[in-house]
Amino acid sequence: MGLKEDLSIPRISLPDSITGPMSDLDLKNPNNLSDDEYNSYSAAAIAGTVLLLVPFAYTDGTLFAFVRDFVVSALIGGGAMAALALYPEDPFANKLGEAVMGVINKED
């Protein structure tokens, strides 16, 4: 019981209509990432969402405002971090994603 399995974020396959323009922008194709790379990419998107959500949710306080802030945070913060994680030259978002996965997979 002392062993803990590493969390693996479920994959979402993107259609060619999305991955095509991504390759035009020299972004990595999320469908072709290894499991570790995909987990870092996804965790970066999650971290971006949370980093933007917390300050907004703290200041608003109502359920509607929280849902609205979550959607805005996911689109802006999560989208930005996901896009940065796919740039081959910019390791910041991937390192943030790896750090988030490290915290999640940390032994108790």
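1. Let us begin with a word you will need throughout: two residues are in contact when heavy atoms of theirs lie within 4.5 Å. Now try it on Ser40, leaving aside its neighbours within four places in sequence: Ser40 is in contact with Ala93, Asn94, Gly97 and Glu98. Please keep in mind as you read that this is a predicted model.

2. Next, the overall plan. The protein chain has 4 helices and 0 strands, and its elements run α-α-α-α from the N terminus on. The chain has 108 residues, and buried residues make up 30% of them. Among the contacts with a separation of 6 or more, 65% join residues that are 24 or more positions apart.

3. Back to Ser40, which has its place in helix α2, residues 35-60. Is Ser40 buried or exposed? Its relative accessible area is 7%, and because the cut-off for buried is under 20%, Ser40 counts as buried. One of its contacts, Ala93, also appears in the core described in the next point.

4. What makes up the largest nonpolar core? This core has 12 residues, namely Met22, Leu27, Leu33, Tyr38, Tyr41, Ala44, Ala45, Met81, Ala82, Ala85, Leu86 and Ala93. The elements that give two or more residues to this core are α2 and α3. For a detail to find on screen, look at Ala82: not counting residues up to four places away in sequence, Ala82 touches Tyr41 and Ala45.

5. Now turn to the outside. The protein chain exposes about 7,300 Å², and carbon and sulfur atoms supply 66% of that area. A nonpolar surface patch of about 640 Å² is made by Phe66, Val67, Phe70, Val71, Val72, Leu75 and Ile76. Val71, one of these residues, is found in helix α3. Its relative accessibility is 41%, so Val71 counts as partly exposed.

6. How many salt bridges are there? The count comes to 1 salt bridge. Asp35 forms a salt bridge with Arg11, and the closest N and O atoms are 3.4 Å apart. Asp35 lies in helix α2 while Arg11 lies in the segment before α1 (16-24), so the pair ties together parts that are 24 residues apart in sequence. Arg11 has 37% relative accessibility and therefore counts as partly exposed.

7. Two loops deserve a look as well. Asp26 lies in the loop between α1 and α2. Phi of Asp26 is near 60°, which is a positive value in a residue other than glycine. With 57% relative accessibility, Asp26 counts as exposed.

8. The second loop holds Glu89, between α3 (63-86) and α4 (92-104). Why is Glu89 called exposed? The relative accessible area of Glu89 is 64%, and the cut-off for exposed is over 50%, so the label follows. Glu89 and Leu27 are 62 residues apart in sequence, while their C-alpha atoms are 9.7 Å apart in space. Leu27 is also one of the residues of the nonpolar core.

Methods
Residues numbered from 1 in each chain as written. Predicted model: local features only at pLDDT ≥ 70, side-chain atom pairs only at ≥ 80, totals over all residues. Heavy atoms only, no water. Buried < 20%, exposed > 50% of the residue type's maximum accessible area, 1.4 Å probe, protein only. Patch = residues over 30% accessible without salt bridge, like charges linked within 9 Å, V, L, I, M, F, W, Y side chains within 5 Å. Areas by Shrake-Rupley, 256 points an atom, 1.4 Å probe, with all protein chains shown as cover. Salt bridge = Lys/Arg side-chain N within 4 Å of Asp/Glu carboxyl O. Core = buried A, V, L, I, M, F, W, Y, C linked by side-chain atoms within 4.5 Å.
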